Structure formats: C-alpha cells, structure tokens
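Open your viewer and get the selection box ready. We will walk through one chain stop by stop.

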Amino acid sequence: MDAQIKNEIIELTKAMLETFTKEYIKAYTIQLTKKAIKDAKAIPSPYLLDPRPRDHDKSDIFSGYLVKLGAIRKNWLKRHFVVRYDYSIDYFVDDTHANKKGTINLCGYSVNDDPNKSGLDRILKIAEKMGVDTNSVPKPAQLPPFTIELYHYSRRCYYIQCSNEEEFKEWIEIFKTCCRRSYGFKNKDPCHIAAFGIAVRNTRWSLGRWGWFGYGGNENQILSDIILDEIEYDILGRALSKLPNAPWFIRNYLRNKMMTVIEGMVSSAVAPAWAGLDKTVGELRPTIEPRIKNQVDPIAQAQNSIVNKMRESMMSQIKPAMEEHVNKHLKKIIGEIRTPIENGFDESLKIWNEKTNAYNGNGSTESFSSYRSYPSSYWTMYPAKDKISPLYNIIDQYRPIFKDYSSYYVCYDIKEAINNMAYDGSYTLEKTVTQDQVDVASAKNQTHSKYQHDVILGTNMQMKFVVREMVKPTLCKIINPLTKPLLSSLSSAIPSAIGDFIDINELYNQLIDDILGDSTQVVIDELN
C-alpha cells in the first residue's frame with residue numbers, strides 16, 4: 001500500500017469518526033428529549049395486545065445436530081447446536097452439553113443458502129477490482145450439498161452442513177432469525193440504540209451515501225463496518241489496481257494482506273474513539289436529563305411550531321415532487337402489496353386460534369410453557385410468513401422507478417412483525433389468565449378481539465412501511481437540495497435555550513415520513 005492511499009484511509013477514518021461523534025451526541029440528546037416528552041404525554045400504543053418482554057421466556061428456542069467446518073484444520077465435525085432465548089448459538093461436542101466448543105453471535109451476519117455460488121461471486125468481484133482476467137481465476141473447492149454459509153465480510157465465516165433438505169430449510173430460517181434478533185450492542189439503553197442508528201445513517205448521508213445499509217454487531221464493529229464500507233466504495237478499487245501484475249493466487253494473497261492492514265488501521269482508530277465518546281455521553285446524561293425534564297413543554301411547543309413552519313414553507317417544493325414521482329404510483333403499489341400483507345397477518349391469527357384452542361392447561365404459569373413457545377417454531381409460523389413471499393417480486397418490479405431499497409429486508413421486516421404479533425398474542429393470553437386472574441375461556445375471547453384489531457392495524461402500518469422504504473430514498477434525493485436553505489433558516493430561528501434539544505434534520509425526516517404516511521393512508525381509504 002503506497003503512502004498516498006494510506007494517508008487517504010487515515011484521513012477518511014478520522015473525518016468519519018468526527019462526523020459520527022457530532023451526530024451521535026446530538027442524536028442521543030434528542031432521544032433523551034423524545035423519551036421525556038413521551039413519558040410526560042404518556043401516549044398509549046395503538047396496539048391492544050400486550051408487548052411480550054424480551055426475556056419473558058428464557059427457554060431454548062431450537063436445537064439439533066449439525067456438521068460444522070473447523071476454522072483451523074478445515075475438517076467437518078458433528079456438533080450439537082442450541083439456539084438460546086437471546087438468539088446466541090452455543091455448540092457442543094454432543095447433546096449432553098458437557099463439552100462446549102463455542103458461541104456464535106450472528107448480529108450483522110447474512111445467511112447464504114448457496115455458498116458455492118456466493119463464494120465464487122465474491123472471488124470474481126475481487127478479481128475484477130484488481131484488474132485480473134476472471135477466466136484465469138481458479139474455482140474454489142465445492143462445498144457439500146445442504147451447506148449453509150453464515151457470512152460476514154470482516155469477521156469469521158461459518159459453514160454448516162445439514163443432513164437433508166427439510167433440515168436445511170429449517171436451519172436457514174432459524175439462522176436468519178438469529179441474524180436479525182441477536183443483540184450486538186453492549187449498551188442496551190433504547191436511547192443509545194436509536195441514537196447510534198441515526199448517527200450511522202447521518203454519517204453516511206453526509207458522504208452522499210443514501211438508501212439502505214445493513215449493519216450489526218457491537219458498537220466498535222458497526223463503526224468499523226461503516227468506515228470499511230466507505231473505504232471500499234471510495235478508495236479500495238484504486239488501491240487494488242496498484243497491486244503488481246502477478247498470478248491470481250499471489251495478487252489475492254497481497255490483497256488479503258492489504259485488507260488485514262486496512263482493517264487494523266480502522267479498528268485501532270475506532271476503539272479509543274468510541275471508548276471516549278461512550279464515556280463522555282455517560283457523564284453527560286445525569287447532567288442533561290434534569291434540564292430536559294424542566295423544559296419539556298417549551299421544547300414540545302417549539303417542535304410543533306417548527307414542523308408547522310416546515311409544512312408551510314416547504315410544501316411548495318415537496319408537493320410537486322410527490323405528485324410527479326410518488327402519488328401517481330401509490331394506488332398501483334398499495335393495490336398490489338395489500339393482499340400478501342393482509343394474508344400474512346390473517347394467517348397468523350388462524351395459527352393463534354389453533355394453538356389457543358389446543359391449550360387445555362389449568363391456567364398456571366407452568367401450564368403455558370409449551371404454548372408460549374409456538375411462535376419460535378419455524379414450521380408453525382411458516383404458513384403466515386409464506387404469505388409474504390409474493391411481495392419480493394412485487395417490490396422489485398418498481399426498481400426502475402425507485403432505488404436504494406432492499407426487497408429482502410422489507411419483506412423480512414414484515415415477517416418479523418407478523419412473528420412478533422404472534423408472540424404478543426400468546427403473551428397476552430397468558431398474562432390475562434395468570435396475572436389478571438381471568439378465566440381461560442374469557443381470556444381467549446378477550447385476546448382474540450385484541451388480535452383481530454391488531455391484525456387490521458398491523459396490515460395498515462406495514463403497507464405504510466413498504467411505501468416509505470421504497471419511495472423515501474428517491475424522494476429525498478430530489479427534494480433535499482430544494483429544502484436545504486429553508487432548513488438552515490428554520491434552524492437559526494430555534495431559541496438558544498432549547499437549541500441543544502431540537503434536531504431540525506430529525507424533525508424534517510419525521511415530516512417526510514408523515515407526508516408519505518398521510519398520502520398512503522388516503523389511497524388505502526380510497527381502496528377500502
């Protein structure tokens with residue numbers, strides 16, 4: 001790696017950490033403010049089912065024997081895998097669990113059901129970046145049938161072999177669920193988690209990187225990932241093109257060495273930067289929370305006033321863009337996405353009815369142990385989630401119009417919402433019986449009515465979610481340059497006494513969400 005490339009990486013890393021630090025402190029303050037306003041208003045949830053606490057059921061989710069490729073010797077070894085309640089995965093020599101061999105946390109990983117293809121695609125992509133003739137690249141050794149790849153581009157990858165197709169499909173969905181639900185953040189504070197995500201988004205936006213970006217892991221890993229992603233986007237191609245002209249295996253060896261150096265440079269900068277920022281924010285919270293609580297009403301009033309002024313001053317720019325690029329497509333989009341989303345939620349209610357009618361316990365907490373775990377079963381929830389499958393093609397057909405969204409993650413989020421409603425439905429029944437002391441028959445009727453209400457609401461909310469995810473990146477690219485001067489003017493008018501607690505960009509972001517939500521609701525009502 002030459003000195004110029006190395007200096008570019010150092011400067012980019014430094015700039016991104018400086019931007020993230022500023023964005024995180026601002027976002028964290030805003031999240032504390034949101035929490036204070038929400039607590040003061042005590043706004044009830046529109047959903048009627050009780051949300052299931054994350055640690056309500058600490059029993060294992062799934063287990064079974066699989067064959068794992070060793071990291072060092074590269075031999076295939078049979079191991080007993082156990083998915084814990086927090087979606088971490090322990091694996092053992094056998095099902096006595098006397099000899100634990102390791103733990104896998106899949107936060108930030110992806111699951112590939114054809115690792116031979118995905119592995120080859122990655123090699124060819126690297127070869128193209130290095131200017132190597134792809135025909136000269138040797139093909140990697142083929143993995144056995146029913147092998148699953150748990151992939152991360154900068155962390156250890158895992159290769160897991162199943163014994164048959166049914167087991168293969170089941171474990172793919174289980175691993176995907178672990179990827180989405182496993183906790184990576186070391187700090188579990190909801191304000192921190194929300195602020196961190198906003199800071200990641202705003203840091204990428206500051207570089208002109210709009211649209212979807214998947215991430216996961218602990219704070220250090222995520223910060224390293226967004227910086228490495230930008231290095232790959234902005235610098236890596238030029239760095240790889242400077243590697244000496246040599247056979248593939250030599251150039252790939254040099255490339256891997258270079259990536260190791262780059263990852264080391266980034267991680268060595270990220271670790272102390274995040275440690276210092278985390279300490280600063282931790283010391284800030286006891287000081288700033290009392291200030292926020294003392295000014296909740298003025299802050300809320302100022303936010304409402306700013307949003308109203310935004311609407312008045314910006315609609316002349318936003319409305320034409322909505323008419324030209326969004327509204328004319330809404331009726332077709334909603335007409336097509338509605339049926340699979342409705343069917344998915346309706347099927348989840350049918351499954352709840354079947355499982356609830358099969359419950360014949362005595363109403364004790366212990367009697368619900370089997371019942372409360374049914375949403376964790378892949379095959380039990382499969383009929384509801386499978387109803388969402390047509391959405392992939394429906395959403396993808398709009399790519400020529402709207403860009404920068406992932407149909408996979410949009411659909412997966414909807415499947416998660418369906419699954420979460422099943423958890424809430426089972427928890428509400430159990431809570432109504434065991435805590436509220438309602439007889440089982442009455443509790444079933446009460447919970448069924450709540451579930452029916454939430455199915456309708458959930459369908460509506462997910463249609464708005466799909467539209468927002470598809471449309472917003474493209475819309476923002478069009479309107480942001482037009483509204484930027486107005487945002488700057490409104491920002492300067494915020495009273496200095498409460499300026500630290502109001503983020504003009506977040507209010508603007510919420511305004512765009514509201515406008516898209518309102519436009520979507522109008523079409524939903526028209527189609528009802």
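Here is a short tour of a predicted model, from its helices and hairpins to its cores.

**Stop one.** Select residues 3-41, which make up helix 1. With 39 residues at 1.5 Å each, this helix should span 57 Å, and its end C-alpha atoms lie 56 Å apart, so the two values agree. Step just past the helix to Ala-42, where phi turns positive at about 50°.

**Stop two.** Now pick strand 1 (residues 62-69) together with strand 2 (residues 76-83); they pair in the antiparallel sense over 8 bridges. To check the register, show Val-67, which stands opposite Lys-78 in strand 2. The two strands form a hairpin with 6 residues between them. In that turn, Lys-74 has a positive phi of about 60°.

**Stop three.** Keep strand 2 and add strand 3 (residues 89-92): this antiparallel pairing runs over 4 bridges. Val-82 stands opposite Asp-90 in strand 3. This hairpin has 5 residues between its strands, and Tyr-87 in the turn has a positive phi of about 70°.

**Stop four.** Which residues have the most contacts inside the largest nonpolar core? They are Tyr-24 and Met-310, in a core of 116 residues. Colour helix 7 (residues 296-358) next, as it gives the most to this core, with 21 residues.

**Stop five.** Centre on Tyr-24 and show its contacts beyond four places in sequence: His-192, Ala-195, Phe-196, Ala-199, Trp-274, Leu-277 and Val-281. Finish at a second, separate core of 23 residues, which includes Leu-66, Leu-106, Val-111 and Tyr-87, the residue you met in the turn between strands 2 and 3.

Methods
Residues numbered from 1 in each chain as written. Predicted model: local features only at pLDDT ≥ 70, side-chain atom pairs only at ≥ 80, totals over all residues. Heavy atoms only, no water. Expected span 1.5 Å × (residues − 1). Pairing = 2+ DSSP bridges. Core = buried A, V, L, I, M, F, W, Y, C linked by side-chain atoms within 4.5 Å. Buried < 20%, exposed > 50% of the residue type's maximum accessible area, 1.4 Å probe, protein only. Contact = heavy atoms within 4.5 Å.
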